[in-house]
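Welcome, and thanks for taking a look at this one. Please have the sequence and the model open side by side while you read.

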Amino acid sequence: MDHLFQKHFTVDEARAILPELRRVFSDAHRRRDVVQKVDSELGERLKQTGTDVGGEQVSGLLMDMLQLNTQLRRIQGMGVQIKDFDRGLVDFPHLRDGREVFLCWELDEDDIEFWHDIDGGYGGRERL
């Protein structure tokens, strides 16, 4: 049987990486907030004639953007599907009764308690 995903998580394997996902999302969300704030500040400064927008602030912005990208790639490298970055909503490819489905987890949830069909999405979540 052909599957869409090479890696499939057991419920225990997915649960085991939740602490790491929480750390990565926390750092990524913090960096996103800094990037948005600095980007807004720089945008306002650019509107002023003759304003220099280089230097330490821009270097920091670029480093935060790079690290944010690194964190997103780190999550994807685990084999986890990011569905909504802001909510920390992810899906773990999983085999349930021989079918390929997703285990579904959101950052504010304590544990993985739901699954849904590959095409079903969040609205089709069912309890494990």
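What follows is a short tour of the sheet, the core, and a few residues worth a visit. Please keep in mind that this is a predicted model.

**The sheet**

Let us begin with the strands. Five of them form an open sheet in the order β1-β2-β3-β4-β5, with antiparallel pairing. The edge positions belong to β1 and β5; each has a single partner strand, so one side of each is left without a neighbour in the sheet. As general background, strands of a sheet pair through backbone hydrogen bonds, in either a parallel or an antiparallel sense.

At the β1 end, strand β1 (residues 81–84) pairs with strand β2 (residues 89–96) through three bridges, in the antiparallel sense. One register point to look for is I82, whose bridge partner in β2 is V90. The two strands make a hairpin with four residues between them, and G88 in that turn has a positive phi of about 70°.

On to the next pair: β2 and β3 are joined by eight bridges, again in the antiparallel sense. Here L89 stands opposite E106 in β3.

The loop between β2 and β3 holds D97. Which residue other than glycine has a positive phi near 55°? That is D97. For context, most residues other than glycine have a negative phi. With a relative accessibility of 76%, D97 counts as exposed, since the cut-off for that class is over 50%.

At the other end of the sheet, E126 lies in strand β5 (residues 126–127). E126 is partly exposed, at a relative accessible area of 42%. Beyond its close sequence neighbours (within four places), E126 is in contact with E113, F114 and W115. If you would like a distance across the fold, the C-alpha atoms of E126 and R15 are separated by 17 Å, with their positions 111 residues apart along the chain.

**The core**

Now for the interior. In soluble globular proteins, nonpolar side chains tend to be buried together. The largest nonpolar core in this model has 20 residues, and the members that touch the most others are L21, V80, V90, F92, L103, W105 and I112. Helices and strands both contribute: α1, α2 (18–46), α3 (56–77), β2 and β3 (99–106) each supply at least two residues. The largest share, five residues, comes from α2.

W105 is a good place to centre the view. Leaving out residues within four places in sequence, W105 is in contact with L18, L21, R22, G88, L89, V90, F92, D110, D111, I112 and R125. Among these contacts is G88, the turn residue of the β1–β2 hairpin.

**Rings, charges and polar contacts**

How many aromatic pairs does the model contain? The count comes to three. One of them is formed by F9 and F92, an edge-to-face pair with 5.2 Å centre to centre and 80° between the planes. F9 lies in the segment before α1 (11–16) and F92 in strand β2, so this pair ties together parts that are 83 residues apart in sequence. Both F9 and F92 are buried.

Two rings have a charged end sitting over them, as listed here.

| Charged residue | Ring | Distance to ring centre |
|---|---|---|
| K7 | F9 | 4.4 Å |
| R87 | Y122 | 4.7 Å |

F9 also has a polar neighbour: the backbone oxygen of F9 lies 2.7 Å from a polar atom of the H94 side chain. H94 is in strand β2. Is H94 buried or exposed? It is buried, with a relative accessible area of 9%, which falls under the 20% cut-off. Not counting neighbours within four places in sequence, H94 is in contact with H8, F9, T10, V11, R99, E100, V101 and L103.

A last stop is R32, found in helix α2. At 18% relative accessibility, R32 counts as buried. The side chain of R32 makes a polar contact of 2.6 Å with the side chain of D86. Apart from residues up to four places away in sequence, R32 touches L68, F85 and D86.

Definitions and conventions. Residues are numbered from 1 along each chain as its sequence is written. Side-chain values use heavy atoms; hydrogens and water are left out. Buried means under 20% relative accessible area, exposed over 50%, partly exposed in between (1.4 Å probe, protein chains only). Contact means heavy atoms within 4.5 Å. Two strands pair if DSSP finds at least two bridges between them. Rings of Phe, Tyr and Trp (its six-membered ring) pair if their centres lie within 6.5 Å; planes under 30 degrees apart count as stacked, over 60 as edge-to-face and the rest as tilted. A charge sits over a ring if NZ of Lys or CZ of Arg is within 6 Å of the ring centre and within 35 degrees of the ring normal. A nonpolar core is a set of buried Ala, Val, Leu, Ile, Met, Phe, Trp, Tyr and Cys residues joined through side-chain atoms within 4.5 Å. A polar contact is a pair of N or O atoms within 3.5 Å; within protein, one must be able to donate a hydrogen and the other to accept it, and residues adjacent in sequence count only if both atoms are side-chain atoms.
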